[in-house]
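Student: I am new to this structure and would like a close look at a single part of it. Please take one sheet and describe what belongs to it and what lies around it.

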Amino acid sequence: MTLRAFMHRIAVLAIFSLLLSGCEKGNPLTVVKAVAVGVPSLAPFFEENSGLGEDAATVRAQPVRGSLQQGDTPGLYGGSKKPTVCDVTRLERFLTDPGNHAKAQAWADVLHIGTDEIPEYLDRLTPVLLRHDTLVENHDYKKEKAVPHNSLLQAGIAILVDEQGLPAVKCSCGNPLRPFEGDTGRISVEFEDGNKKWAGYERESVVAVKPAPRKLERVALVDVQEPARGIDRPVGTTGGKDTPFDAKKRRTVPDLAGRSFAQAARELIGAGLAAGYAGQRAPSGDAKVTATDPPAGTELPFGRYVMLTVAGGGTSGTGGTSGSGGTSGPTTTPPPPSSGPRTPPTSTPPSSGPTGPSGPPSSRSKPGVSASPPSSSTAPGSASPKRSSSRPSPPPSTASPPAGAPVTSSAPAPPPPTPPPRAPTTGAPLASRPATSEPATGEPATDGPSTTVAT
């Protein structure tokens, strides 16, 4: 190589480095701390050796079709035959103990509720096991304050999810969780403090969760030990009221041509299937579906992805303002006003109590519903749980709950209302990643065409 050619190459590399540096400054990587199964937190709200929660070390992350997943996606979360993976009653006793008031106050502040609302809030949460390596905003307890930091929770970790399917609490330590607000395509995962890179970790399998458009009545899970077994778990229960169903039973892909992306996603969820997309971003909710892969009439097992091809409507901007549900609402629930009585976030509207892990079915029974009841569900062999009222309901919410459709409703939901103002958040908005070629159930799937888009 001549000196002139060598100098030319050096100049090209220098220019490329400068351009790359400029891009990095405009969209920097978000640092994310890895949290592995069974590794104790260095700053927990609750002592981890007390048996508050139990992770499943044998779970491996499932492939997905899009890194931004909606909370009502069929099979997004897992379960098992064990009666409970999270002792919610024990967590409630701890947080309502006057001796732990400082921790309770910091814990409640993260979730935008008052300390007096903690019992009712916990009664609306549901224990599940992660089936994907999942991005969240985690919180440590340091100097009587909740310190936020972005985390990647390994598949198999037990968490509590709220009525819109959002991660709310890490079971083993009681640390509160909020939705990840960064760009899922631009993260730098740090494996430290005993959290070594785990077997099966793949960057393409990392997901973040956005809220379901409407509060759920039940969560459709996949047994992490027996994937052919589905679990229909009523929201607010801990496993004692589970109803199994056949996850191998074939579901028919509906004819979605001409539907909006939002409506198509709702219909797929109602059929027990997941809406898939390819590319960096999900389409806008009003983008028209022109084709599905596999086509209408195809029969698939529970939770399999159907790739949607759309024409028009473009793609949503960053920030997670559209996606599989097609809603244009925020990815997190806005907090209540700074003045006046504090109310629970709209992502977890009040409902009555579930079955507790350490007592009879009524041991976690709480106040009645103060908002309209959840939409109906058609999961196999399920019946809506009856709930009792024993305490006054909390003050009404100042914002309307999101609209949409539940996990198991097969009828299209009405268009969502204009969402309430979004609470200030830190971090960059959410964005989706290129999809992988396999479904959440781990079974082979046909790759969608290059023009497809997914949730």
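Tutor: What follows describes one sheet, then a loop that leaves it, and then some side chains elsewhere in the chain.

The model is a predicted one. The protein has 5 helices and 20 strands. Of its 455 residues, 56% are buried. Among contacts between residues at least 6 apart in sequence, 78% join residues at least 24 apart.

The part to look at is an open sheet of 7 strands. Its strand order is 8-7-4-3-12-13-14, and the pairing is mixed. Strand 8 and strand 14 (243-246) are the edge strands, since each of them pairs on one side only. On average, neighbouring strands of this sheet are turned by 50° against each other, direction ignored. As background, strands of a sheet pair through backbone hydrogen bonds, either parallel or antiparallel.

Start at the edge formed by strand 8. Strand 7 (residues 158-161) and strand 8 (residues 167-170) run antiparallel and are joined by 3 bridges. Across this pairing, isoleucine 159 stands opposite lysine 170 in strand 8. The two strands form a hairpin with 5 residues between the strands. In that hairpin, glycine 165 takes a positive phi near 80°.

Further along the order come strand 4 and strand 3. Strand 3 (residues 77-79) runs antiparallel to strand 4 (residues 126-130), and 2 bridges join them. Glycine 78 has leucine 129 in strand 4 as its bridge partner.

Towards the other edge, strand 13 stands between strand 12 and strand 14 in the order. Aspartate 232 is found in strand 13 (residues 229-234). With a relative accessibility of 2%, aspartate 232 counts as buried. The side chain of aspartate 232 is joined to that of arginine 218 by a polar contact of 3.1 Å.

Now go back to strand 8 and follow the chain out of it. Where is serine 172 placed? It lies in the loop between strand 8 and strand 9 (178-179). Is serine 172 buried or exposed? Its relative accessible area is 6%, and it is therefore buried, the limit being under 20%. Its side chain makes a polar contact of 2.7 Å with the side chain of lysine 170, the residue that stands opposite isoleucine 159 in the hairpin pairing. A second polar contact, of 3.1 Å, joins the side chains of serine 172 and glutamate 48. Leaving aside neighbours within four places in sequence, serine 172 is in contact with Phe46, Glu47, Glu48, Leu52 and Gly53. Cysteine 171 is also buried, with a relative accessible area of 0%. Cysteine 86 is buried at 1% relative accessibility. As for disulfides, the count comes to 0.

Proline 40 lies in the loop between strand 1 (30-35) and strand 2 (68-70). This residue is partly exposed, with a relative accessible area of 48%. Proline 40 and glycine 194 are 154 residues apart along the chain, and their C-alpha atoms are separated by 8.7 Å.

The aromatic side chains come last. The structure holds 7 aromatic pairs. The rings of tryptophan 107 and tyrosine 121 have centres 6.1 Å apart and planes at 80°, so this pair is edge-to-face. The pair links distant parts of the chain, with tryptophan 107 in helix 3 (residues 101-110) and tyrosine 121 in helix 4 (residues 118-123), 14 residues apart. Tryptophan 107 counts as buried at 0% relative accessibility, and tyrosine 121 counts as buried at 1%.

Another pair is made by tryptophan 198 and tyrosine 201, whose ring centres are 5.8 Å apart. Their planes stand at 85°, so this pair is edge-to-face; the angle needed is over 60 degrees. Tryptophan 198 is buried, with a relative accessible area of 8%. Tyrosine 201 has a relative accessibility of 18% and counts as buried, because the limit is under 20%. Phe191 joins Trp198 and Tyr201 in one aromatic cluster.

Notes: Residues numbered from 1 in each chain as written. Predicted model: local features only at pLDDT ≥ 70, side-chain atom pairs only at ≥ 80, totals over all residues. Heavy atoms only, no water. Pairing = 2+ DSSP bridges. Helix = DSSP H or I, 4+ residues; strand = E, 2+ residues; numbered from the N terminus. Phe/Tyr/Trp six-rings, centres within 6.5 Å; stacked < 30°, edge-to-face > 60°. Buried < 20%, exposed > 50% of the residue type's maximum accessible area, 1.4 Å probe, protein only. Disulfide = S-S within 2.5 Å. Polar contact = N/O pair within 3.5 Å; in protein donor to acceptor, adjacent residues only side chain to side chain. Axes fitted to C-alpha atoms, helices over the stretch in contact; angles between N-to-C directions. Contact = heavy atoms within 4.5 Å.
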